[in-house]
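Thanks for coming. I will go through one structure today, starting with its inner spaces and ending with a few single residues.

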Amino acid sequence: MAWSAALLLLKDIAETQANNFPGSGRTTVKFKEDTTGCSLDAKIILGQVARDLTPTSHPGHVSALIASADLLSERFEREDRKADLDEVVALRRTAWATLLPHDPRRQETRAALDTCLHKRFEREKSVADLQEIITLRRTTVECASPPDRCKPLVRLANALHDRFRILRLKRDLEEAIELANAAMALNLPQHPDRALARECLARCLAAKLAKGGTRATDTSDRHSSDVRVIMDIFSEIVANIPPRLLHTPTGTLCGRDAQLSHFLNSPEFAELCSLKSPSQIREKLSFFFRFTMLSHRWGVGEPLLRDIEGKGIYDLEGAEGLSKLQQFCHLSLTRGFSWAWSDTCCIDKDSSAELQEAIGSMFSWYHRSSLTIVYLADVARTGSLADSDWFKRGWTLQELLASNTVLFYAHDWSLYVKSNAANHKIDPAFLEELCKATRISERHLRNFNPGMEDARSRLCWASHRRTTRPEDIAYSLFGIFKAQLPILYGETAEDALGRLLAEIISRSGDVSVLDWVGKQSSFNSCFPANLEPYRMTPYNTWLFSGGPANREGLNLEQARKLYTDLARLPLARCVHRRIVLPSIIHRVTAVTVKLSSASPPRYTYQLHASRLNSLEVTSSVKLDEDASKYVLVRPWCPRSLRLWNGADDDAIWNLLEQLEQPFNALLLERLLHNEYKRVACDCTITACVQDPVRILDSEVLTLEVI
């Protein structure tokens with residue numbers, strides 16, 4: 001055999017010697033230096049030949065690996081060749097992995113691998129090498145008997161301290177201090193090993209007490225600098241993803257430290273250490289931390305954080321909620337994602353601070369996810385999408401709008417619609433069904449932008465939904481409106497919705513949210529008590545004729561003044577539950593009761609107001625006979641004006657044509673101190689102007705409504 005021939009070739013320059021090392025019984029292969037005139041280089045070459053030709057199954061293969069590593073290590077000490085050290089590491093690593101657990105050579109091989117890895121780490125500061133050193137030293141500590149454990153503990157503590165200096169992981173330093181203290185406790189004060197432990201502890205405590213930044217101390221080292229770039233990008237990426245994620249290969253719940261640990265021990269980290277381009281590092285890191293989000297209707301036996309913390313979900317047994325979580329993680333894994341998030345178990349709901357952060361960040365998390373998996377537990381593959389309770393829940397609205405890529409699954413975890421599209425949001429047939437089920441346009445479903453734009457439509461989408469906790473109907477909209485508001489569980493639903501509407505008005509000046517009919521809120525009389533009134537489409541008739549006949553008899557200078565007065569009005573805003581409302585005022589001149597009923601109280605009034613045709617109003621509120629207490633107002637937003645540059649009067653005529661149109665008015669009652677309160681009506685108050693010429697006499701005021 002070829003390998004036998006190679007061994008015969010080496011007979012004159014080498015021999016196999018059995019060497020008994022104290023306490024280990026190790027047997028190794030050594031080349032005789034005193035019986036041959038062969039150079040070290042020649043021995044290395046011949047050793048490589050023997051190693052390569054010896055079958056891996058032969059008992060001598062590991063001995064050949066160790067002998068070659070010893071020779072290369074000797075040449076490295078003489079000539080400092082990096083290639084030799086790299087090969088020594090590879091050979092000792094292979095030998096370590098090949099040896100059986102009971103082999104007496106295993107302990108010495110592990111120690112030799114530790115030594116050569118540490119030499120390379122001192123030269124290159126490779127975190128990947130340091131990771132392997134820490135793993136080896138943990139094994140050494142586990143295998144050492146208590147009397148011999150002091151030095152292994154110190155060596156492990158030193159390695160953790162080294163990693164802390166580079167990565168600045170607080171848990172590394174805390175563990176190093178704990179290990180050094182444990183080593184100190186193993187020996188009496190006069191024992192030399194205790195001095196080693198004391199020196200290690202002193203270094204670690206000095207690092208803990210050191211003031212300053214969170215960067216590695218050796219700023220001149222190029223490799224440390226590379227690692228810092230990776231860690232900076234890591235921090236940047238994970239800052240925008242959920243702090244707790246399920247690791248789909250293991251089914252364990254991972255916080256930030258565990259996420260980092262998985263990353264540092266991954267092949268991807270070793271690859272990143274060789275990259276120089278920050279953009280490439282960011283791209284690969286982003287790919288590593290791709291995650292899926294679950295969107296679903298809560299059911300029976302949903303596992304909470306405490307139920308799965310420290311456990312693998314694939315090993316647990318429970319109700320349908322746990323099964324759903326297992327299926328979700330498995331599906332995420334099969335689609336190539338290592339991380340997944342569910343609102344059931346990835347939030348510590350006992351922590352108000354964490355709950356606040358999660359609700360405030362949820363829209364962003366769904367938007368940044370690589371895939372949102374929608375599970376419709378109440379829909380068969382051939383069932384109707386709109387029948388699912390998922391479309392009636394408050395929180396699922398933002399989950400649908402925020403997610404870029406969505407796949408819907410039926411109750412048996414089969415795709416609701418089988419198509420080549422990897423995203424149901426771009427499947428034409430499915431998108432049409434989705435528009436009908438949600439009452440949301442295709443444009444918004446495909447590419448939704450959070451914010452205050454078109455607030456009335458967004459409130460309308462949510463008005464058909466409900467939540468288990470009443471105040472959640474408002475909280476579930478915070479992300480859709482990009483509203484940074486505190487979560488105050490325990491407040492009334494009216495207050496929660498009132499705070500949201502106040503934010504919408506204050507940031508956008510959009511007065512369309514005041515156009516509703518229904519029960520008033522205790523937060524402010526201009527706000528509804530719930531979202532149901534927003535199911536109504538607001539009255540908006542823009543039928544401009546724009547003909548010259550409409551301009552006859554109009555005083556252009558007076559029209560320009562009206563434009564200026566309206567342009568100077570402030571945007572509507574809400575401060576301390578009071579709405580500052582810019583308006584066109586129509587003072588009520590007469591109130592006449594036309595019909596009334598006692599149970600329940602209901603009144604139909606005919607109102608006369610300045611510059612308006614008479615109109616009917618139905619309300620459960622009994623109005624005062626003094627008509628001067630009431631005004632009909634047209635809420636105004638200065639942003640609705642077209643820009644007028646003074647040279648072209650098109651903007652002026654556009655305004656007049658706008659003011660000619662019927663509008664939905666608010667009936668306000670004047671209180672003391674010039675405050676106003678809205679009178680709740682049972683119908684929309686659609687007001688029509690009497691004469692276009694009289695529009696120029698419009699009274700423009702800013703009112704304070706409580």
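**Cavities, cysteines and a few buried residues**

The lining of the largest cavity divides by class into 10 nonpolar, 4 polar and 2 charged residues. Before going further, note that this is a predicted model.

That cavity holds about 120 Å³ of space. It has 16 lining residues, and the ones closest to its centre are Trp 516, Val 517, Arg 678, Cys 681 and Cys 683. In total there are 5 cavities of 30 Å³ or more.

The second largest cavity comes to about 70 Å³. Its lining has 5 nonpolar, 2 polar and 4 charged residues. The residues in that lining include His 586, Arg 611, Arg 634, Asp 691 and Arg 694. Also on the list are Ile 584, Leu 659, Phe 663, Val 689, Ile 695 and Ser 698.

Now the chain as a whole. The protein chain has 706 residues, and 50% of them are buried. Its secondary structure consists of 24 helices and 16 strands. Taking contacts with a separation of 6 or more, 64% are between residues 24 or more positions apart.

Next, the cysteines. How many disulfides does a search of the whole structure find? The number is 0. Why is Cys 329 not in a bond with the closest cysteine sulfur? That sulfur belongs to Cys 345 and lies 7.1 Å from the sulfur of Cys 329, which is too far, because a disulfide needs the two sulfur atoms within 2.5 Å. Cys 329 is also buried, because its relative accessibility is 0% and the cut-off is under 20%.

Cys 346 is likewise in no disulfide. Its nearest cysteine sulfur is again that of Cys 345, here 4.1 Å away. With a relative accessibility of 3%, Cys 346 counts as buried.

On to the helices, and helix 3 to begin with. It covers residues 60-79, which is 20 residues. From first C-alpha to last it reaches 28 Å, close to the 28 Å expected at 1.5 Å a residue. Is this helix mostly covered or mostly uncovered? Mostly covered, with 14 of the 20 residues buried. The residue that follows helix 3 is Asp 80, and its phi is positive, near 60°.

Arg 51 belongs to helix 2, residues 40-53. Is Arg 51 buried or exposed? Its relative accessible area is 10%, so Arg 51 is buried. What is it in contact with, once neighbours within four places in sequence are left aside? The contacts are His 61, Ala 64, Leu 65, Ser 68, Glu 87 and Leu 91. Four of those names, His 61, Ala 64, Leu 65 and Ser 68, fall within residues 60-79, so helix 3 supplies part of the surroundings of Arg 51.

The last residue is Glu 657, in helix 24, residues 650-660. Glu 657 is buried too, with a relative accessible area of 11%. Its C-alpha atom is separated by 8.6 Å from that of Pro 692, and the two residues are 35 apart along the chain.

To recap, the search found 0 disulfides, the largest cavity holds about 120 Å³, and both Arg 51 and Glu 657 are buried. That is the end of my part.

Methods
Residues are numbered from 1 along each chain as its sequence is written. This is a predicted model: local features need pLDDT of at least 70, side-chain atom pairs count only at pLDDT 80 or more; totals for chains, interfaces and linings use all residues. Side-chain values use heavy atoms; hydrogens and water are left out. On a 1 Å grid over the protein atoms alone, a cavity is a set of points where a 1.4 Å probe fits but cannot get out, and a pocket is an open set with protein on both sides within 12 Å along at least five of seven lines; lining residues have an atom within 4 Å of a point. Grid points are joined across faces, edges and corners, and a volume is the space filled by probe spheres set on the points. Ala, Val, Leu, Ile, Met, Phe, Trp, Tyr, Cys and Pro count as nonpolar, Asp, Glu, Lys and Arg as charged, and the others, Gly among them, as polar. Buried means under 20% relative accessible area, exposed over 50%, partly exposed in between (1.4 Å probe, protein chains only). Helices (H or I, at least four residues) and strands (E, at least two) are DSSP runs, numbered from the N terminus. The expected span of a helix is 1.5 Å times one less than its number of residues. Contact means heavy atoms within 4.5 Å.
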